[in-house]
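Hello,

Here is the structure I promised to pass on to you. Please have a look at it first, and then read my notes underneath.

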Amino acid sequence: MIDLRTKYAGLTLRNPIIVGSSGLTAHADKIKDFEKAGAGAIVLKSLFEEQIGMQSASMIKESDWPGSSDYVYEYVKAEQVNKYLELIQKAKAECSIPIIASINCYKVDAWIDFAHQIELAGADAIELNVFYLATDLMYDYDAYRTMYVNLLSKIKKAVSIPVIMKLGKSFSNIPSIVNILKKNGCDGVVLFNRFYQPDININTMQIVSGNVFSSHTELSDTLRWTAIVSGKVPDISIAASTGIHEWEDVIKCLLAGASAVQMASALYTSGAEIITQMLTCIEEWMNQTHYNSLTQFRGKLSYTNDYSKIHNPSMYERAQFMKYFSNRD
Ligand SMILES: Cc1cc2nc3c(=O)[nH]c(=O)nc-3n(C[C@H](O)[C@H](O)[C@H](O)COP(=O)(O)O)c2cc1C
C-alpha cells in the first residue's frame with residue numbers, strides 16, 4: 001500500500017500536490033474540483049494590498065470623492081477583506097483538505113488584525129506573499145531582510161496557525177534568509193513565487209507582459225534552491241514551486257528535499273485532471289522503485305555535506321558550463 005501523505009508546515013497533507021495561489025483558487029466551486037482531482041491542499045488567491053490601494057485611488061478619481069482618501073482606502077479594504085473571509089469560509093465548508101489563505105502585503109501593521117480574522121474564518125495556515133523589489137541604489141540589504149522578519153514575527157504573534165513565507169528568487173543569499181525566517185518561527189517556505197514577467201515589444205516600443213505561465217525549463221532553479229536550502233536548513237518545510245509541469249518534476253522536488261510542491265501554470269494549461277494523472281504516475285514509480293512512503297526517498301538528493309549520501313552535492317552550486325563548453329566549438 002502506497003502512502004503519499006506528507007507533513008508540510010505543521011499540516012498533514014494526503015499527498016504533496018498543492019494548488020498554488022492564483023485565479024484558479026479565487027472561487028469555492030472551482031476549488032472543489034481540485035479536491036476531487038486529488039489535490040493535497042489549496043492556497044487561495046492572494047488578497048493584494050496593492051489592489052486595495054489601486055481600487056480606492058480609482059474610486060476617488062472617478063467619483064471626484066470629496067472626503068478623505070484614508071476613509072475610501074479603509075472602506076475598500078473592509079469590503080475586500082470581508083469578501084476574502086467569506087471565500088475562506090465557503091472553501092472550508094466545501095472541502096476537507098487544508099485551505100491556506102494568502103496575503104500579499106508589505107505594510108505589516110495594517111494586516112495584523114486581518115491575519116487574526118483569517119484564522120477565525122477557519123483557514124488552516126497563512127501564506128505571506130511578500131515581494132519587495134530592491135532597486136534603490138542606497139538600499140541597505142539588512143533593512144530588506146529586517147522587513148521580512150518583522151512582517152513574519154508580527155503575523156506569528158497574531159495567529160496560532162502555521163505561517164508560510166512565499167519568497168521570490170531575488171535574494172543575494174537564499175539559505176541565509178530562510179534560516180533567519182526559520183529562527184523567527186516561520187513554519188514553511190515556498191520556493192519560489194514567479195512574478196509578473198515584463199517583455200518589450202520592439203514594434204510598438206512598449207513594455208508588455210511576458211509569458212504569464214511558467215515553462216518546464218524554469219524547474220532547474222527550483223530544484224537547485226530546494227536542494228541547497230533543505231540541506232542547509234534541514235528543519236524547514238519547503239513547498240517547491242515554479243516550473244512543475246510533469247509527474248517526474250514532483251518526484252525530483254521531493255528528492256531535492258521538498259515536503260510538497262505547488263502548481264499553477266500546469267493547472268491553467270491542462271486542467272485539474274493533471275493532478276489525478278500525476279498521482280497515479282507517482283504511485284506507479286514508487287511501486288517500481290519499492291518505496292511505500294515519501295519519507296523513504298524525500299531529501300535523498302538534497303544538498304548535504306555528507307558526501308557518503310550523495311554522489312556530488314556541489315553540482316547544485318555549479319554556475320559555469322566549463323566542461324560543456326570546452327567540448328564545443
Ligand atoms: C495567472 C496567475 C495568477 C497568480 N496569482 C497569484 C496570487 O494571487 N498570489 C500568489 O502568491 N501567487 C500567484 N501566482 C503565482 C503562482 O502561485 C505560482 O507561484 C507561480 O505561477 C509559479 O508556479 P507555476 O510554475 O506552477 O506556475 C499566480 C500565477 C499565475 C499564472
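Below is what I found, beginning with one strand and its neighbours and ending with the nonpolar cores. Please keep in mind that this is a predicted model.

Strand 13 (residues 260-263) is a good place to start. Which of its residues are buried? A260 and Q262 on one side are buried, and so are V261 and M263 on the other, leaving both faces of the strand covered.

Strand 13 has parallel partners. One is strand 3 (residues 17-19), joined to it by 3 bridges, with I17 standing opposite V261. Another is strand 12 (residues 237-241), which also runs parallel to strand 13 and pairs with it over 3 bridges. In that pairing, S241 is found opposite Q262. If you follow the chain from strand 12 through helix 8 (residues 247-256) into strand 13, you trace a right-handed β-α-β unit.

Now to the cores. As you know, nonpolar side chains in soluble globular proteins tend to be buried together. The largest nonpolar core here has 90 residues, and the members that touch the most others are Y148, M165 and L167. Helix 5 (residues 141-158) is the biggest contributor to this core, giving 8 residues.

L167 deserves a look on your screen: leaving aside residues up to four places away in sequence, its contacts include Y148, I177, V178 and L181, along with V189, V190, L191, F192 and N193. Apart from the largest core lies another one of 13 residues, including I100, A125, I164 and A260. That last residue brings us back to strand 13, where A260 is buried on one side.

Best wishes

Conventions
Residues numbered from 1 in each chain as written. Predicted model: local features only at pLDDT ≥ 70, side-chain atom pairs only at ≥ 80, totals over all residues. Heavy atoms only, no water. Buried < 20%, exposed > 50% of the residue type's maximum accessible area, 1.4 Å probe, protein only. Helix = DSSP H or I, 4+ residues; strand = E, 2+ residues; numbered from the N terminus. Pairing = 2+ DSSP bridges. Right-handed = clockwise from strand over helix to strand, strands pointing away. Core = buried A, V, L, I, M, F, W, Y, C linked by side-chain atoms within 4.5 Å. Contact = heavy atoms within 4.5 Å.
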